[in-house]
Amino acid sequence: MIVKFLSKSESFVGVNYNTNKAEQGKGELVAVQNFGALQGIENLRPQDYINYLKAVSAQNKRIKFPQLHIAISCKGREKGRDELIKIAKEWMGGMGYGDQPYLLVFHTDTANNHIHIVSTRVGRDGKKIDDSFEKLRAYQVLNRILGKDEGKQAEEDIKQTLGYRFSTRAQFMLLLENRGYGLRLKDDRYLVCKFGKEQGAVAISRVDARIGEYEKDEARVKQLRGIISKYQRAFDTSIYEKKVVRPGNREGKIRGYSSELAEHLRQKFGLEAIFHAKEGKPPYGYTLVDHAKKTAYKGGEIMSLSRFTGPGNNQPLTSSAASDALSAMQKKQDAGNAAITLPQLPVADGAEFSGTGAGEEERDQGHYQPWEQDPDSLLPFLTAGIDIADDVDDEAIHGRNRRKKRKARTNTR
């Protein structure tokens with residue numbers, strides 16, 4: 001599940017946003033908590049709630065943006081209305097807002113069930129509710145509610161990552177980062193960070209031992225080339241930018257790159273193309289992760305970037321014996337991949353992340369140290385392990401901040 005801190009406001013616009021959703025049949029006001037005498041009055045207007053929140057907030061004139069607007073979202077319909085209500089109430093208590101006046105509005109207007117919370121950051125005593133490291137604490141509280149053992153999950157994710165075949169340390173780091181972790185090279189081990197703290201460590205000797213076992217499967221490489229070449233004829237290969245979606249459906253920073261072909265390969269065959277780019281420049285390379293065979297390839301081992309993103313052969317798909325053979329191979333591949341489960345990518349709150357990964361040099365030298373940044377920049381590693389679809393309302397945002405020699409750098413690795 002994910003927690004998102006939504007737009008700031010001086011005037012509690014989140015109330016109107018959510019009540020409008022309810023009026024449109026896209027949401028339901030499911031709880032009104034701690035509004036005192038208002039709760040005994042029928043047919044209240046949205047403005048009545050706003051006035052109450054403003055009255056509480058007026059006790060502290062120093063708080064310019066008193067609105068607290070939160071969305072807690074699950075994957076698909078994994079959690080129902082009542083479950084989300086319970087989670088939201090416990091989360092408010094865990095964050096110190098349990099006695100605050102707040103509204104809960106359940107939404108089903110996207111592919112993912114989610115619940116919105118609107119409250120004030122000013123307590124009844126006129127003091128601001130503690131918001132130190134709140135985006136880190138948001139997931140710590142959520143995981144506690146869900147009964148998630150962060151350490152055990154990290155241990156399992158590390159084990160699964162070491163189950164892949166890879167030829168460089170950078171590829172190992174990339175695979176683990178794809179599960180939402182930050183890594184730092186320290187002495188003879190990688191420190192693994194998530195949810196704002198160290199969750200485990202991996203000895204470099206274990207990684208190097210796995211690298212030493214690597215042998216390129218030439219037959220599989222040829223098969224992958226054939227699959228890609230075939231579908232280049234049917235899908236657009238040109239690369240496009242994947243950008244953060246900000247409130248109001250506005251575009252934010254680049255969080256990665258993809259193509260129609262890459263998306264098809266990922267969804268149908270479990271072949272994940274991860275493009276690498278420096279800030280302000282087009283991708284210079286890519287890594288292909290074959291989740292079906294649990295192998296990471298340097299893109300050039302399969303085909304050059306220019307060929308991967310270039311136009312495919314426009315000959316008819318069934319015009320040759322080679323194509324017929326490829327189709328037969330494809331049927332076998334389809335059957336073998338029926339139960340492929342891709343590792344979920346990190347999902348992050350925060351609209352300002354320039355999403356993407358560190359370059360190979362940066363990983364190998366151990367410069368990627370997410371916990372040395374501002375606490376909010378740790379959010380890309382706060383995923384609870386669920387891949388949320390790109391709902392505009394939910395603003396599911398993928399991203400990471402990178403740093404090399406303490407200088408910001410945006411790579412897609």
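Trainee: What is the mean pLDDT of the protein?
Mentor: This is a predicted model. Of its residues, 73% reach a pLDDT of 70 or more. The mean pLDDT of the protein is 79.

Trainee: Over which residues is the pLDDT below 50?
Mentor: Take care with one stretch. Beyond near neighbours in sequence, it has 279 contacts in the model. Where pLDDT is low, predicted coordinates should not be read in detail. The stretch with pLDDT below 50 is residues 313–413.

Trainee: How many of the nine residues of helix α6 are buried?
Mentor: Helix α6 covers residues 169–177. Its buried residues include Ala 170, Phe 172, Met 173 and Glu 177. The helix is largely enclosed by the rest of the structure, because the buried residues number eight of the nine.

Trainee: Is Thr 295 buried or exposed?
Mentor: Thr 295 lies in strand β13, residues 295–298. Its relative accessible area is 1%. Buried means under 20%, so Thr 295 is buried.

Trainee: Which backbone oxygen does the side chain of Thr 295 reach?
Mentor: Look beyond the local sequence first. Leaving out residues up to four places away, Thr 295 touches Tyr 164, Arg 165, Tyr 214, Leu 288, Val 289 and Asp 290. The polar contact of its side chain is at 3.1 Å. The partner is the backbone oxygen of Lys 293.

Trainee: How many disulfides does a search of the whole structure find?
Mentor: Consider two cysteines. Cys 74 is buried, at 0% relative accessibility. Cys 193 is buried too, at 1%. The number of disulfides found in the whole structure is zero.

Methods: Residues are numbered from 1 along each chain as its sequence is written. This is a predicted model: local features need pLDDT of at least 70, side-chain atom pairs count only at pLDDT 80 or more; totals for chains, interfaces and linings use all residues. Side-chain values use heavy atoms; hydrogens and water are left out. Buried means under 20% relative accessible area, exposed over 50%, partly exposed in between (1.4 Å probe, protein chains only). Helices (H or I, at least four residues) and strands (E, at least two) are DSSP runs, numbered from the N terminus. A polar contact is a pair of N or O atoms within 3.5 Å; within protein, one must be able to donate a hydrogen and the other to accept it, and residues adjacent in sequence count only if both atoms are side-chain atoms. Contact means heavy atoms within 4.5 Å. pLDDT is the predictor's confidence in each residue, from 0 to 100. A disulfide is a pair of cysteine sulfur atoms within 2.5 Å.
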